[in-house]
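Dear colleague,

Please find below the structure that I am handing over to you. My findings follow directly after it.

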Amino acid sequence: MNFLEQYVKKHLGWSSLLVKKAYGDLQQAYRSKQQVGYTGLEQIQAYVFTRFPATYGVCVKLIKQHLLDLNIHSVLDWGSGIGTASLALNKYFENLECFLVEQDSRAKSFAAQFLKNFYPNINVYQHDDFSAVDLSIFSYSLGEVSDWQTVIDKSWNRTKYLLIIEPGTPAHFKKLIKVRDYLLAKKAYLWAPCCHAKLCPLKNDDWCHFSARIDRSKEHKNLKNASRGFENEAYSYMLFSKDPKSTDFGRVVSSPRIHGGHVDLKICTNQGEILYSTAGKSAKDYKTLKKTEWGDSIKHELL
Ligand SMILES: C[S@@+](CC[C@H](N)C(=O)[O-])C[C@H]1O[C@@H](n2cnc3c(N)ncnc32)[C@H](O)[C@@H]1O
């Protein structure tokens, strides 16, 4: 069990039957593309045990990949739900100021409770009138908003960095591309995953997404009637900044195929093209290329 699952099971009571029913309701909301509503404590618990491990895991992965070198003291966590992104950020940045914007008052109050419990020194603000922040994060929330331009404008105007994470589906990626066009037109710098500001070269049914391996607790498996001890969470994301950054690299945009004596890589280059590269054992950097993972950046001279 992760830290939040342990806390929730210990302090918020637990009824397998009620939580399982609440999980059914959550699934129903996702399937019918309704917004996730937390109608009771059990819904919060169901989210903690079935979605939080994945959304938290993806946030942690992206923080480690892109944010650790940045000066981040304040965060806008938009559509915070139970505080997933803020919990992940506080693991790596001390004494953060966290502004939670969340339409559901029950989820927001649990977010504040969880954050204060695990990170007693942080400041949590729960009103929509946030001041300027270092980072704005939309973790699995922008897709729920139809009037996204208004929300993006408001947060972009008051932040240095903007990270948007969405489920890794073609539909969510299409929306991210619209946000990309919108923010590039506002002179935003796109730091990742793209290493260029040209048209996205992925065509037809292809879409840019990545994957995170998430451990499942016993309760998680039970709620989902799952047998495997892990799940692979597909996600798409974009990280924007007010400042430029060197883009002297390409991005590995699918899982590398490692064969007996060679590795096949699919790279989105900084020229805005898709490059299929095969490196055999005789390649100078074969050992490095063999260890490359889906989502990594890669220096062009290695290819
Ligand atoms: C899928 S949940 C993601 C929660 C959390 N960020 C995470 O990563 O686990 C999306 C959240 O966005 C919130 N949300 C959707 N539309 C909103 C709006 N217009 N204003 C504030 N919050 C909103 C929902 O209530 C929900 O809690």
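N225 lies in the loop that connects α9 to β8 (230–241). In this predicted model, the residue has a positive phi of about 50°, although it is not a glycine. N225 is exposed, because only 7 other C-beta atoms lie within 10 Å, and a residue counts as exposed at 12 or fewer.

A second residue of this kind is Y140, whose phi is near 55°, again a positive value in a residue other than glycine. Y140 is placed in the loop between β4 (133–139) and α7 (148–156). Is Y140 buried or exposed? Y140 is buried, since 22 other C-beta atoms lie within 10 Å and the threshold for burial is 20 or more. Most residues other than glycine have a negative phi, and most peptide bonds are trans. An exception to the latter is found between A192 and P193, which are joined by a cis peptide bond with omega at about 0°. P193 belongs to the loop between β6 (189–192) and β7 (210–215).

Overall architecture

The chain contains ten helices and 13 strands. Its radius of gyration is 20 Å, close to the 19 Å that the globule rule gives for 303 residues, so the chain is as compact as a globular protein of that length. The C-alpha trace spans about 60 × 45 × 35 Å along its principal axes. Of the 303 residues, 38% are buried. Among contacts with a separation of 6 or more, 67% are between residues 24 or more positions apart.

Domains

The domain assignment divides the chain into domain 1 (3–241) and domain 2 (250–302). Taken over C-alpha atoms, the centres of domain 1 and domain 2 are separated by 29 Å. Where the two meet, eleven residues of domain 1 are in contact with eleven residues of domain 2. The side of domain 1 that touches domain 2 comprises eight nonpolar, two polar and one charged residues.

Nonpolar core

The largest nonpolar core has 78 residues, and those with the most contacts inside it are V75, I82, L163, I164 and I165. The largest share of this core, eight residues, is contributed by α4. At least three residues of the core come from each of domain 1 (3–241) and domain 2 (250–302). Which residues does I165 contact, leaving aside its neighbours within four places in sequence? They are V58, C59, L62, F138, S139, Y140, Y235 and Y237. Y140, noted above for its positive phi, is thus one of the contacts of I165.

Enclosed helices

Helix α3 (residues 41–50) is largely enclosed by the rest of the structure, because nine of its ten residues are buried. The buried residues are E42, Q43, I44, Q45, A46, Y47, V48, F49 and T50. The elements that cover them include α1 (3–11), α2 (16–31), α4, α6 (105–118) and α9 (218–224).

Helix α4 is itself mostly covered, with twelve of its 16 residues buried. Those buried in α4 are F52, P53, A54, T55, Y56, G57, V58, C59, K61, L62, I63 and L67. V58, C59 and L62 have already appeared as contacts of I165.

Ligand surroundings

How many residues lie around the ligand, and which come nearest? There are 19, of which T55, G79, G81, T84 and S139 come nearest. T55 is also among the buried residues of α4, and S139 is among the contacts of I165. Both α4 (52–67) and α5 (84–92) supply at least two residues of the shell around the ligand. By class, this shell has seven nonpolar, nine polar and three charged residues.

An exposed helix residue

H11 is situated in helix α1, one of the elements that cover the buried residues of α3. H11 itself counts as exposed, because it has 10 C-beta neighbours inside 10 Å, and 12 or fewer is the criterion. The C-alpha atoms of H11 and Q103, which are 92 residues apart along the chain, are separated by 24 Å.

With kind regards

Definitions and conventions:
Residues are numbered from 1 along each chain as its sequence is written. This is a predicted model: local features need pLDDT of at least 70, side-chain atom pairs count only at pLDDT 80 or more; totals for chains, interfaces and linings use all residues. Helices (H or I, at least four residues) and strands (E, at least two) are DSSP runs, numbered from the N terminus. The radius of gyration is taken over C-alpha atoms; the globule rule is 2.2 Å times the number of residues to the power 0.38. Two residues are in contact if their C-beta atoms, placed from the backbone, lie within 7 Å. A residue is near a molecule or strand if its C-beta atom, placed from the backbone, lies within 6 Å of it. Ala, Val, Leu, Ile, Met, Phe, Trp, Tyr, Cys and Pro count as nonpolar, Asp, Glu, Lys and Arg as charged, and the others, Gly among them, as polar. Domain bounds come from an automatic or database domain assignment. A nonpolar core is a set of buried Ala, Val, Leu, Ile, Met, Phe, Trp, Tyr and Cys residues joined through C-beta atoms within 7 Å.
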